[in-house]
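User: I've got this model open and I'd like to talk it through. Can you take my questions one at a time?

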Amino acid sequence: MTIDTKDMINSILESISRIDHVKPEDIPNIDLYMDQVTTFMDAQLASSKRYPQDKILTKTMINNYAKNHLLPSPNKKKYSREHLLMLVFIYYFKNILSISDIEALMKPLTEKYFQKEDSMNLESVYREVFSMEKEQVEAMKEDLFSKYQTSQSTFTDASEEEQEFLRLFSFISLLSFDVYVKKQLIEKIIDSFSDD
């Protein structure tokens, strides 16, 4: 197994710089039917697919989100701009959080900001949250590079052939530990919602 690890890391770091989100101004000003929602989300979030055949959101997923109270029900089978903003949040959370954790997180957001005409509405919350994204990219890149450097100093006693895999395994383990700890932290914070 020969992997050009430096090229892989540079590619990852470059792709992090291109991470983007759905901008509210890109969302149509009209309510959409389910097929239009799935088409829109697939087009807007296509760069986050691992494989070309992956689905961003399916009709079944969206129906389940509404059934499980993660997403307010559509109005006469039509989804508003705010529904799409909620779906973006759900899309990002669904890979790391349970349905019940997402529900606990989204419920206060829905109750306080969904379909509100105040200056502090769902769109303003969405804009504020995603405004932090670009600031975090450089810190994230530095952290990834640091973890990569740390992993490259492991398994010095292994043969050169074994080192490549073992160092890559170390790097993946460091990244996984980071995700694990952050997931634990997120779950503790969500659990504290019910303590209020």
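What follows is a set of questions and answers on this predicted model.

User: To get my bearings, in what order do the helices and strands run from the N terminus on?

Analyst: Happy to start there. The chain has seven helices and two strands, and its C-alpha atoms fill a box of roughly 65 × 40 × 30 Å along the principal axes. From the N terminus on, the elements run α-β-α-α-β-α-α-α-α.

User: And what share of the residues of the chain count as buried?

Analyst: The cut-off for buried is under 20% relative accessible area. Of the 196 residues of the chain, the share that passes is 32%.

User: Let's look at helix H6. How far apart are its end C-alpha atoms, set against the expected span?

Analyst: Helix H6 covers residues 122-152, which makes 31 residues. At 1.5 Å a residue it should span 45 Å. The distance in the model agrees with that, at 44 Å.

User: On which residue is the kink in H6 centred?

Analyst: The kink in H6 is about 40°. Its centre is Gln-136.

User: Which residue caps the N-terminal end of H6?

Analyst: Look for a side-chain oxygen that lies 3.2 Å from the backbone nitrogen of Glu-123. The residue that supplies this oxygen, and so caps the N-terminal end of H6, is Asn-121.

User: Glu-123 also has a salt bridge. Which residue is the partner, and why does the pair tie together separate parts of the chain?

Analyst: Glu-123 itself counts as partly exposed, at 23% relative accessibility. The closest N and O atoms of the salt bridge are 3.0 Å apart, and the other side chain belongs to Arg-81. Glu-123 lies in helix H6 and its partner in helix H4 (residues 81-93), so the pair ties together parts that are 42 residues apart in sequence. The partner is Arg-81.

User: Which residues are linked in a network of salt bridges?

Analyst: By the salt-bridge rule, the count comes to nine. The pair from the last answer belongs to a network. Its members are Glu-25, Arg-81, Glu-123 and Arg-127.

User: Back to H6: is Lys-141 buried or exposed?

Analyst: Lys-141 meets Glu-138 in a salt bridge (3.5 Å, N to O). The two both lie in helix H6, three residues apart, about one turn of the helix. Glu-138 is partly exposed, with a relative accessible area of 45%. Lys-141 has a relative accessible area of 19%, under the 20% cut-off, so the call is buried.

User: Lys-147 has a salt bridge too. Which residue does its side chain meet?

Analyst: The partner is four residues away in helix H6, which means about one helical turn. In an α-helix with 3.6 residues a turn, residues three or four places apart point the same way. Lys-147 counts as buried at 14% relative accessibility, whereas the partner is partly exposed at 31%. The N to O distance is 2.8 Å, and the partner is Asp-143.

User: Which tyrosines are among the buried residues of H6?

Analyst: The buried set in H6 includes Leu-122, Val-125, Phe-130 and Val-137. Lys-141 and Lys-147 are also among them. The tyrosines in the set are Tyr-126 and Tyr-148.

User: Last one: which residues make the nonpolar surface patch?

Analyst: One member lies in helix H7 (residues 160-193) and is exposed, with a relative accessible area of 55%. The patch comes to about 330 Å². Its residues are Phe-177, Tyr-180 and Val-181.

Key:
Residues numbered from 1 in each chain as written. Predicted model: local features only at pLDDT ≥ 70, side-chain atom pairs only at ≥ 80, totals over all residues. Heavy atoms only, no water. Expected span 1.5 Å × (residues − 1). Bend = angle between axes of the 7 residues up to and from the residue. Buried < 20%, exposed > 50% of the residue type's maximum accessible area, 1.4 Å probe, protein only. Polar contact = N/O pair within 3.5 Å; in protein donor to acceptor, adjacent residues only side chain to side chain. Patch = residues over 30% accessible without salt bridge, like charges linked within 9 Å, V, L, I, M, F, W, Y side chains within 5 Å. Areas by Shrake-Rupley, 256 points an atom, 1.4 Å probe, with all protein chains shown as cover. Salt bridge = Lys/Arg side-chain N within 4 Å of Asp/Glu carboxyl O.
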